[in-house]
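Got the viewer open and a selection box ready? Here is a short walk through the model, one pick at a time.

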Amino acid sequence: MTLYVVDVTVPADTAQTSPKEETVKIEEEVVVSIECHFPPGCRGMVYTACYYGEEQLFPRPYGSYLHGDGETIRWEEYYELPESPCYLTIRAWSPGTSYNHTITWRINALPKNIAFWWVNISRLLNFISRAFTFFGRRG
């Protein structure tokens with residue numbers, strides 16, 4: 001699995017109409033997990049999304065955005081990229097802020113022939129873990 005890390009430093013009071021952009025080149029064909037870290041101090045006023053050209057990939061649906069404060073938003077994914085290598089653009093903005101803020105995206109990707117098995121085995125192990133936790137509490 002390859003981990004891609006993208007830091008985006010958003011200048012104070014950056015408008016949504018002219019967001020700060022960073023590009024990442026993904027060599028593998030499938031994105032399998034994503035994290036977006038907002039350090040303390042963002043106060044939910046720094047917004048971000050990931051695009052392929054003008055198509056918004058994460059989060060979905062189009063027009064929704066990630067934002068937070070002192071938290072990391074994580075999720076499992078299975079998204080086959082439209083080409084390999086694939087250039088993704090992280091866009092971020094922060095209207096009404098007084099300071100620069102740096103947010104961090106972490107994107108995990110795998111070759112297609114491995115990704116299917118990786119995702120399904122991860123889901124199975126997660127299910128088994130939850131089942132043992134549930135039954136362990138009942139005993």
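Start by selecting Thr104, which counts as buried at 12% relative accessibility, the cut-off for buried being under 20%. You'll find Thr104 in strand β8. Show its side chain together with that of Asp7: the two side chains make a polar contact at 2.6 Å. Keep in mind that you're looking at a predicted model.

**Strand β8 and its partners**

Now widen the selection to the whole of β8, residues 101-110. Is this strand enclosed or open? Eight of its ten residues are buried, so β8 is largely enclosed by the rest of the structure.

Next, add strand β1, residues 2-10. β1 and β8 run antiparallel to each other and pair over nine bridges. For a spot to zoom in on, pick Thr9, whose bridge partner in β8 is Thr102.

Then bring in strand β3, residues 30-38. β3 also pairs with β8 in the antiparallel sense, here over seven bridges. Cys36 is a good marker for this pairing, with Trp105 as its bridge partner in β8. If you want to switch on hydrogen bonds at this point, recall that strands of a sheet pair through backbone hydrogen bonds, either parallel or antiparallel.

Stay on these two strands and show the side chains of Arg106 and Glu35. They meet in a salt bridge, 3.0 Å from N to O. Arg106 lies in β8 and Glu35 in β3, so the pair ties together parts that are 71 residues apart in sequence. How exposed are the two ends? Arg106 is partly exposed, with a relative accessible area of 26%, and Glu35 is partly exposed as well, at 23%.

**The open sheet**

Clear the selection and pick β2, β7, β4 and β5. These four strands make an open sheet in the order β2-β7-β4-β5, with antiparallel pairing. Which strands stand at the edges? They are β2 (20-26) and β5 (55-58); each has a single partner strand, so one side of each is left without a neighbour in the sheet. Look along the sheet and you can follow the twist: neighbouring strands are turned by 35° against each other on average, direction ignored.

Zoom in on β2 and β7 (residues 86-93), which pair in the antiparallel sense over seven bridges. Select Thr23 here, and you'll find its bridge partner Thr89 in β7.

**More charged pairs**

Time to colour by charge. Side chains of opposite charge can pair when their charged atoms come close. How many salt bridges does a search of the whole structure find? The count is eight, and a few more of them are worth a stop.

- Select Glu27 and Lys25: their side chains meet in a salt bridge at 3.4 Å, N to O. Glu27 is partly exposed, with a relative accessible area of 41%, and Lys25 is partly exposed at 35%.
- Select Glu80 and Lys112: this salt bridge comes in at 3.1 Å, N to O. Glu80 lies in strand β6 (residues 71-80) and Lys112 in helix α1, so the pair ties together parts that are 32 residues apart in sequence. Glu80 counts as partly exposed at 38% relative accessibility, and Lys112 counts as partly exposed at 45%.
- Select Glu21, Glu54 and Arg91 together: these three are linked in a network of salt bridges.

**Strand β6, once more**

While you're around β6, pick Tyr78, which is found in this strand. Tyr78 is partly exposed, with a relative accessible area of 29%. Draw a distance from its C-alpha to that of Leu110: the two residues are 9.8 Å apart in space and 32 residues apart in sequence.

**Helix α1 and a nonpolar patch**

For the last stop, select helix α1, residues 112-138, and turn on the surface. Which residues form the nonpolar patch? Phe116, Trp117, Ile121, Leu124, Leu125, Phe127, Ile128 and Phe132 do, and together they have about 900 Å² of accessible area. Centre the view on Leu124, which is found in α1. Leu124 is partly exposed, with a relative accessible area of 49%; exposed would need over 50%.

Note on methods: Residues numbered from 1 in each chain as written. Predicted model: local features only at pLDDT ≥ 70, side-chain atom pairs only at ≥ 80, totals over all residues. Heavy atoms only, no water. Pairing = 2+ DSSP bridges. Axes fitted to C-alpha atoms, helices over the stretch in contact; angles between N-to-C directions. Buried < 20%, exposed > 50% of the residue type's maximum accessible area, 1.4 Å probe, protein only. Patch = residues over 30% accessible without salt bridge, like charges linked within 9 Å, V, L, I, M, F, W, Y side chains within 5 Å. Areas by Shrake-Rupley, 256 points an atom, 1.4 Å probe, with all protein chains shown as cover. Salt bridge = Lys/Arg side-chain N within 4 Å of Asp/Glu carboxyl O. Polar contact = N/O pair within 3.5 Å; in protein donor to acceptor, adjacent residues only side chain to side chain.
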